[in-house]
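Trainee: Before I use these structural terms at the bench, I should like to understand what justifies each of them. May we go through them one at a time?

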Amino acid sequence: MRTIAAISTPPGKGGIGIVRMSGESSLEILKKIFTKKEIRPRFMHYGKIIYENRVVDEVMACYFNKPRTYTCEDMVEIYCHGGYVSCLYILEILLKLGAVPAEAGEFTKLAFLNGRIDLLEAEAVEGIIEAESKEEQLMYADVLGGKLTEKLESVLNDVVNLISECEAKIDYPELGDVDDMKEKLEKIHGGLISFLDDEKRTTYIRDGLKLAIIGRPNVGKSSLLNALTNKERAIVTEIAGTTRDTIEETINYEGLTIRLIDTAGIRSTDEVIEREGIKLSKKAAEDADFVVVVLDGSAPLQADDFEIMELVKDKEKIFLINKEDKGLKIDLKSVEKYGEYIISSIKNDSGVRELLDAIKKRIVHDIDFNVTSIFNIRHVDLIERAISEIETAIRDIDVMPFEIVEVSLREAHEYISMILGRDTSEDIIDRVFRDFCVGK
Ligand SMILES: Nc1nc2c(ncn2[C@@H]2O[C@H](COP(=O)(O)OP(=O)(O)OP(=O)(O)O)[C@@H](O)[C@H]2O)c(=O)[nH]1
Ligand SMILES: [Mg+2]
């Protein structure tokens, strides 16, 4: 059996770096290079790594005996100094002594294959590593703790009970109440639909709110991006048409991750580069979850403004009427017809916080920060398939033999089980772990 090794800490400089191994030879390999020879399982040992008669580093090392380890195999962790050379050199030595390089996510894959966690919990590990906000972190921590598995198990249990009822009906047609079975099917259906609803309500927690800043040239879009990110991210000048490309930055406002996209000013122009930029601006507005249209409040509305307001007619949006410090000349009534507005002077730092509050207020009613939901396309696809099977069963129950209803229930059961990684093909499992980092 192979023994795998990898550096688990990120590349770069840090106080400590961790190199770890999993597999039968882990302890034997450690003993070949570690000055301390008596190694008690689950105790930290201080010693030196010696290779080719040279001290490589002073380290702590720990041996975890199977099966109660991360991978359910024997494991060794070496805590060396966090210079990346030290980590790399120790890894190189482990590989020379018989370990093989771990693949991306292989430690977690072993935990799954050895039955310690299900596939959903494995995906949550990656979620925690990739989390960009506290809310996202807590959501995945709940999944890792088994909360979502529990919810799915409960649905699976209901499906199994119904399968038994179908079988009883096949053998003893006079037993059992079909209406009661139908009611149970409806309940399972409702439960599965709520998984999809929850998923929609957590997409902002995972992916962030995609917010496009659009408007005519020179109205202050890039100034807004800079004010929101608190840095000079985009070039700001008094020349109309300064921004040519879309610029993206992510911020977190009171738990809401916002992916800001500053865009080129939209106007009619014959200039080739500018026209390409404007195409991107319109696309950004189209793809965004939310649009902030910046208007120059110190001038009357122009034809381009109306075109932009029409463009976002059906989008979730707020108008930011900027440059208030120069005196308002804009017709507020016309803007109001298109939607909510906020008055600002980015120059004087007024209105920006108000804008964020207004966006949050509009979005947050959609998000439940405490819900434990399915969280990726793999889950959504499987739940949708299960729903379709349950819908077939509901249609069939009055008109078809119970054998047919049972087939749909078994299919639904299989799809839900696949979320947890049961009866799942190797190909799909490999795909899940492919995106993991090495060393986890
Ligand atoms: N008086 C005043 N000037 C502002 C305000 N906000 C931005 N400006 C100025 O307006 C000019 C244009 O600002 P930008 O942020 O570059 O405008 P933009 O919308 O990104 O322009 P393009 O990239 O050309 O589309 C700059 O000179 C800013 O300093 C404001 O609230 N008041
Ligand atoms: Mg700009």
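Mentor: The discussion below takes up exposure, metal donors, polar contacts, cavities and pockets in turn.

Mentor: Please bear in mind that this is a predicted model.

Trainee: Why is Asn-53 called exposed?

Mentor: The relative accessibility of Asn-53 is 79%, and exposed means over 50%; therefore Asn-53 counts as exposed. Asn-53 lies in the loop between strand E3 (44–51) and E4. Although Asn-53 is not a glycine, its phi is positive, at about 65 degrees.

Trainee: How do you know that Asp-349 is to be classed as exposed rather than buried?

Mentor: Asp-349 has a relative accessible area of 60%, and the cut-off for exposed is over 50%, so Asp-349 is exposed. Its place is in the loop between strand E12 (341–343) and H12. Asp-349 is a residue other than glycine with a positive phi, near 65 degrees.

Trainee: What makes Thr-108 buried?

Mentor: Buried means under 20% relative accessible area. Thr-108 has a relative accessibility of 0%, so it counts as buried. Thr-108 belongs to helix H3 (residues 106–113).

Trainee: Why is the pairing of the Thr-108 and Tyr-70 side chains called a polar contact?

Mentor: The distance is 2.9 Å, and a polar contact requires a pair of N or O atoms within 3.5 Å, one able to donate a hydrogen and the other to accept it; the pair therefore qualifies as a polar contact. The side chain of Thr-108 also reaches the backbone oxygen of Lys-440, at 3.4 Å.

Trainee: What makes Ser-222 and Thr-243 donors of the magnesium ion (ligand 2)?

Mentor: Ser-222 (OG) and Thr-243 (OG1) lie 2.0 Å from the ion, and a donor atom must be within 2.8 Å of the metal, so both atoms count as donors. The pair links distant parts of the chain, 21 residues apart: Ser-222 is in helix H8, and Thr-243 is in the loop between H8 and strand E8 (247–253). Both residues are buried.

Trainee: What makes the lining of the largest cavity nonpolar?

Mentor: The lining consists of Leu-211, Leu-224, Leu-228, Ile-258, Leu-260, Val-292, Leu-355, Leu-356 and Ile-359. Leu, Ile and Val count as nonpolar, so the lining divides into nine nonpolar, no polar and no charged residues. H12 gives the largest share, three residues. The volume of this cavity is about 40 Å³, and a search of the whole structure finds one cavity of 30 Å³ or more.

Trainee: How do the linings of the two largest pockets divide by class?

Mentor: The lining of the largest pocket has nine nonpolar, three polar and 14 charged residues. Its volume is about 680 Å³; of the 26 residues that line it, the closest to its centre include Glu-123 and Asp-435. Asp and Glu count as charged, so these two belong to the charged class. H13 gives the most to this lining, with five residues.

Mentor: About 450 Å³ of space lies in the second largest pocket. Of the 27 residues that line this pocket, Asn-218, Val-219, Gly-220, Ser-223 and Val-236 are the closest to its centre. Its lining has eight nonpolar, 12 polar and seven charged residues. H8 gives the most here, with five residues.

Conventions:
Residues numbered from 1 in each chain as written. Chains lettered and ligands numbered in written order. Predicted model: local features only at pLDDT ≥ 70, side-chain atom pairs only at ≥ 80, totals over all residues. Heavy atoms only, no water. 1 Å grid on protein atoms, 1.4 Å probe; cavity = no way out; pocket = protein on both sides within 12 Å on 5 of 7 lines; lining within 4 Å. Points joined across faces, edges and corners; volume = space filled by probe spheres on them. Helix = DSSP H or I, 4+ residues; strand = E, 2+ residues; numbered from the N terminus. Buried < 20%, exposed > 50% of the residue type's maximum accessible area, 1.4 Å probe, protein only. Donors = N, O, S within 2.8 Å, 3.2 Å for Na, K, Ca; no water.
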